[in-house]
Structures are given as structure tokens and as C-alpha cells.
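Grab a pencil and open the structure viewer. Here are a few exercises, each followed by a worked solution.

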Amino acid sequence: MAERPLDEKTVTTLVAEATAAPSMHNAQPWRFRHLSGERVLQLRADPDRAMPRSDPDNRALHIGCGAALLNLRVAAAHAELAPETTLLPEPDDPLLLAAVRLPDPVEGGRDEELARLHPAIRQRHTSRHPFAEKDIPEDLRTTLQEAAAREGATLAFPGPWRAENLLDLVRDAESRDTMDPDADQDLVRWTRLGAEADTAVDGVPEYAFGPRRRDGKAPVRDFSGRRPVADRGTTAFEHTPHLALLSTRGEGPVDWLRAGQALERVLLEATLADLATSLTSHALEDRELRLLARDPASGIGQVQMVLRLGYGPRGPATPRRPVREVLEIT
């Protein structure tokens, strides 16, 4: 018996929840196409939202799209569907990143582990605020590591020496940006100041910048750059930030898409456990620094993201483009 097409409301809801994912500078570098007769949702890269200065290889673009893909899978499982995902299904079409078929599940076939994460999709926000000087329980760390492993990635919690080394890399990246007058091109393009922040549908609005860091070692990017932003204030951040490194064994578009799915799965698990989260790719945007972020003992694996985790405010929601701008139904 042929499957009936999915109704437009269901497809729109799936895409709306997919696009709640994080992406570099909230550029939202994705588009979706629903092939109604096949019950397939395609995820496509949007090259107009690439960042040639900060992300010349489109690594971060793929990671952001991978995060959206994980949200789509979670939303589909919640909607009693059984998503079947193929990465890079058309080698001659590199902008087609994934195809997700959405059949009804066989009896008892819903992915309950994915569906369980659904409430966190709308609760997860990037926090650029201070976190408490409070340890993360070992069993929760294990849960987050298992979440990354489910998507083919590795999550490691560096010890004090390596964490300090990562913070040094972030500071090195900040110093390099200070010396390069063109370094903030992408940041300026994707930040929203003043009245623009209230109407923006993408980018990082000034109300999500968080306070300026007066003291502490938390790796929080200052999105204001060299521009004045009113009413931010300054405050002390944690001196012992809890960092985690998300890595993949390989390096390439498929690995980046897997990293994005693993990243979002970790973030959703963390959100359900009442952890606040933020991401930093600052030290990973420079090829030389990114190599130094690898585990010096093993020398294997490709670091794809540095996460900051802790207990504190989750931060505000950031804007999203209307679904009608990112979804085509055929």
C-alpha cells in the first residue's frame, strides 16, 4: 500500500524545529526541499550564508547543517515518524547535504531515544553569561560522551593542563584578530546592533552578546568587536571553565555533518540536564591553531568544536528566519 504524502503542517513543523539549531554567528546556512511524493526532506547548504573569511572550507557551515539535521530527526521521531537519513546522497550535487525519508514507523519502531530529546529543542540557547564554579557530575559527563558516540563522534573533557592550553589558543586567536583589520568581516556581517536587533531574523543580536568579561577565563567571544554597545556592563566569569572537545576521526564533509549531529545531540542532552551551554570555534578557525587543539598524546582525531558547559542562565533565544524562506515544497 502506497504511503500518503505528509501534510504541509507536519512538514512545516519539522523544518521549524530543525532550524532551531545553532550555527556559526547564527547565519542559518541551510535550505530544505520537501519531495511530497517520496516523503523525503532534503537538506541543502545555502552558499549565500557562507563565511569565506572565517570558514573558508565551509566546515562550520556543514556542522551547523548537521545540527539542524539532528533536530529534524528528533522532531520526526516525536511526530511518530521513522527518519531514514542519507548523507551526501548525490556526489555531483555538493550542496545537497542530506536526504531524510520520513516513513511511518513499524509497530514499536519509533526511536524513543531521539524522541526523548524533543523538549530540549526550544529550550536550548547559547549562553554568553558567567557559569557557577560548580563541578559537572561524572555520570552526566558520561551521558554526554555517549550522546556524541551515538553520532560517530568523540567528546573529551580535557584535564587542567590541556584546558589551559585550549584557553591559550583562544587568546591567541583573539590577539591575531586584533592585529588583522579584516578579521572581523564575518562578525560584522552577522551581528545586529541597535534597532536592527529587534527585527532581525538571523545573526547574533546585541541582546545575546552577554556582558563583557571583566575577570575569569571562560572562552566567550565578544561579538561587539571594536564597536560600542550600550548597557552591556562587565562581570566576572568562571576561573575554571568546564570545557569539552568534540572530535571526529576523519576530516571532510561527511565528518563535519556527523560532528554537527553529535554536537546538537550533546547540547540537547545537556539542556535536559539543566546545563547551560556555549560554543567556541574561535581557535579552530585558524588552521595552525586548530592543529594545536588536537590531543598531544594521541595525535589523532580532528577537533570540530569546543564546548563550554556549566550551571547558569541559558541565555536568550536568538532570531530565526521564517520557515517559508527556507522551505520549498514540490
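**Exercise 1.** Is the crossing of helix 5 and helix 9 left-handed or right-handed?

*Solution.* The model is a predicted one, where local features need pLDDT of at least 70, side-chain atom pairs count only at pLDDT 80 or more, and totals for chains, interfaces and linings use all residues. Residues are numbered from 1 along each chain as its sequence is written, and side-chain values use heavy atoms, leaving out hydrogens and water.

Step 1: find helix 5 (residues 138-150) and helix 9 (residues 253-272); helices here are DSSP runs of H or I with at least four residues, strands are E runs of at least two, and both are numbered from the N terminus.

Step 2: the crossing of these two, helix 5 and helix 9, is right-handed, meaning that the near helix is turned clockwise from the far one by less than a right angle.

**Exercise 2.** Work out which residues of helix 5 meet helix 9.

*Solution.* Thr143, Leu144, Ala147, Ala148 and Arg150 do, and their partners in helix 9 are Ala262, Arg265, Val266, Glu269 and Ala270. Sorted by class, this contact of helix 5 with helix 9 has six nonpolar, one polar and three charged residues.

**Exercise 3.** Trace the order of the strands in the open sheet.

*Solution.* Step 1: five strands line up as 3-4-2-1-13, with mixed pairing.

Step 2: look at the edges, strand 3 (84-87) and strand 13 (327-329), each of which pairs on one side only; pairing takes at least two DSSP bridges between two strands.

Step 3: strand 1 (residues 30-35) runs parallel to its partner strand 13, over three bridges. Histidine 34 stands opposite isoleucine 329 in strand 13.

Technical notes: Contact means heavy atoms within 4.5 Å. Ala, Val, Leu, Ile, Met, Phe, Trp, Tyr, Cys and Pro count as nonpolar, Asp, Glu, Lys and Arg as charged, and the others, Gly among them, as polar.
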